[in-house]
Amino acid sequence: MLVIANRIDDITTLDPAESFEFAGSDVIRNVYGRLVNFDPLNLEKGYEPDLAESWTVSEDGKTITFTMREGVKFHSGNPVTAEDVEFSLRRAVILAKTPSFILTQFGFTPENVSETIVADGNTIRITTDKKYATSFVLNCLTATIGGIVDKKLVMEHEEGDDLGNNWLKTNSAGSGAYRVVSWKPSESVTLQANENFFRGAPAMKRVIVRHIQESATQRLLLEKGDIDIARNLNPEDIAGISGKEGITVDSELRGRLMYISLNQSHPVLSKPKVVEAIKYLIDYTGMQDSFLKGQYTVHQSFLPKTYLGAIEDKPYSFNLEKAKALLKEAGVESLEIEAGVREAQERVEIAQSLQNTFAQAGIKLNITIGTGKQTLTRYRARDLDLYVGAWGPDYPDPQTNAGTFAYNPDNSEEAKATGLLAWRNAWDPGDLTAKTEAAVIEGDREVRKKMYEDIQREFQARAPFAIMFQKIEQTGRKSNVKNLNLGGAITAVAYWPVTK
């Protein structure tokens, strides 16, 4: 048995067509197979066949035909078929829950899925509205929404025309390494091993994830031996367990970025020299080496390290004199602005550091702390001067971040494109929108990589975003636990390779 302490109060549903939270993705990664997936012991290899054993691409690049792996069964004992894939992907589009955009961006609609997502014997054919990079489509199918459900079992639990959504919120119908035994919201999730898992029965027959909010409590439970893994330890508790016999500390680079953004509808913050000055008023290394120590690393581009096209350029550092000179050039002697900050320790501390360094250049930063919902609501309404935010990729392709930071085809108030970070900050990226559109359809991997590199460098130079850090997840682990992989920057945790 594997026992994990983690904050799992963000889980709202276990339906792969609806789940869009970090802890929910952890569960679904272990319960549902996908057409393509990642090897947790070799993430650098990229996507590989999973429930599909192979695929071909049509000459026009719009149709991908997958051949299904034979002999795989759902937990119910029902065979996994192309019809289940057809049902699962159509269902996700028709239900139109939060993550559905990952599929609908390819032109799939409730009205056309009967023609664009089609099972034929042992194959499944998906046809997009135009030619995209094949890697882009396949990367999106590795996302949580790509989980394949057992059509027969799900439809036995349909209520009205909900396609089994209500039942799947708390139950599972997958073919993965584990099935859900129970989920008690804000308390625990219990998973039972699938002895018939096609990659081999997992060594851990049961996985229990306990919701433990406090870092100190997680540390105590780990030291007592009541849990095997502690996933939310702060730097002080990491330091406290480091070097203790029988306990190992792991550091794994994740995909989440910490950034600030400036509202371009503000008459002063929209001045290019002011935007540039603020990027020089951030004490990047000072924060990294103090209260963020070991848990965030300085990173200044919108693609996390390990993504195709990621760059490691760090053009900005704290430079008070340069910032003052830029503000003077912009004709700004003093400025008072409001920062919206979610009530989370590291974000509040970042805001306080900014408040200190900004003040040295004559900028008064008033910090408004609120719940995640309160702060996000104002941010999405373009109602904050400055926002201290975190952003995690939705799928492991560079478009996931390029398409929100550097893309905004309609900057008007009426567009209400709240899913785009550029729109939330009233920023028109100009030619970056077209460059992002071009990169997503480029079929040559090396050319596409260079396109994203160029987009990021232009973005760094003029965007009203200062990307500051990439997250490092530090985990306390009993030393006898082996092969735990949290998913790096591209996916969620995998329990099936774990041994004790």
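Does Leu-163 count as buried or exposed, and at what relative accessibility?1. Leu-163 counts as buried, because its relative accessibility is 15%, below the cut-off of 20%. The model is a predicted one, and the backbone at this position deserves a look: Leu-163 has a positive phi of about 55°, although the residue is not a glycine. Leu-163 sits in the loop that runs between α6 (151-156) and α7 (165-168).

2. A second residue can be described in the same terms. Arg-382 is not a glycine, yet has a positive phi of about 60°, and it lies in the loop between α14 (372-380) and β16 (386-391). Arg-382 also counts as buried, because its relative accessibility is 12%.

3. Turning to the chain as a whole, the secondary structure comes to 18 helices and 17 strands. For 500 residues, a compact globule would have a radius of gyration near 23 Å, and the chain, with 23 Å, agrees with that expectation. The C-alpha atoms fill a box of roughly 70 × 60 × 45 Å when this is taken along the principal axes.

4. Burial and contacts add to this overall description. Of the 500 residues of the chain, 56% count as buried. Among the contacts with a separation of 6 or more, 69% are accounted for by residues 24 or more positions apart.

5. Helix α1 (residues 22-31) is mostly covered, with nine of its 10 residues buried. The buried residues are Ala-23, Gly-24, Ser-25, Asp-26, Val-27, Ile-28, Arg-29, Asn-30 and Val-31, a list that includes Asp-26 and Arg-29, which count as charged. What do the buried residues of α1 pack against? Their partners are β1 (2-6), β2 (36-37), β8 (178-184) and β9 (188-193).

6. Two helix pairs can be set out in detail, since two packed helices are described by the angle between their axes and the distance between the axes. Helix α17 (residues 431-441) packs with helix α18 (residues 445-462) at an angle of about 160°, and their axes are 9 Å apart. The pair α17 and α18 is therefore roughly antiparallel, given that angles over 145 degrees are counted in this way, and α17 passes α18 in a left-handed crossing. On the α17 side the contact is made by Asp-431, Leu-432, Lys-435, Thr-436, Ala-438, Ala-439 and Val-440, while α18 contributes Arg-448, Met-451, Tyr-452, Ile-455, Glu-458, Phe-459 and Arg-462. Divided by character, the residues of this contact of α17 with α18 are eight nonpolar, one polar and five charged.

7. The other pair is formed by helix α10 (residues 272-279) and helix α12 (residues 320-329), which pack at an angle of about 165° with their axes 8 Å apart. Helices α10 and α12 are therefore roughly antiparallel to each other, and the crossing in which α10 passes α12 is left-handed. Here Lys-273, Val-274, Glu-276 and Ala-277 of α10 meet Ala-323, Leu-326, Leu-327 and Glu-329 of α12. The residues of the contact of α10 with α12 divide into five nonpolar and three charged, with no polar residue.

Methods:
Residues numbered from 1 in each chain as written. Predicted model: local features only at pLDDT ≥ 70, side-chain atom pairs only at ≥ 80, totals over all residues. Heavy atoms only, no water. Axes fitted to C-alpha atoms, helices over the stretch in contact; angles between N-to-C directions. Helix = DSSP H or I, 4+ residues; strand = E, 2+ residues; numbered from the N terminus. Parallel < 35°, antiparallel > 145°, perpendicular 65-115°, else oblique. Left-handed = near helix turned anticlockwise from the far one by under 90°. Contact = heavy atoms within 4.5 Å. Rg over C-alpha atoms; globule rule 2.2 N^0.38 Å. Buried < 20%, exposed > 50% of the residue type's maximum accessible area, 1.4 Å probe, protein only.
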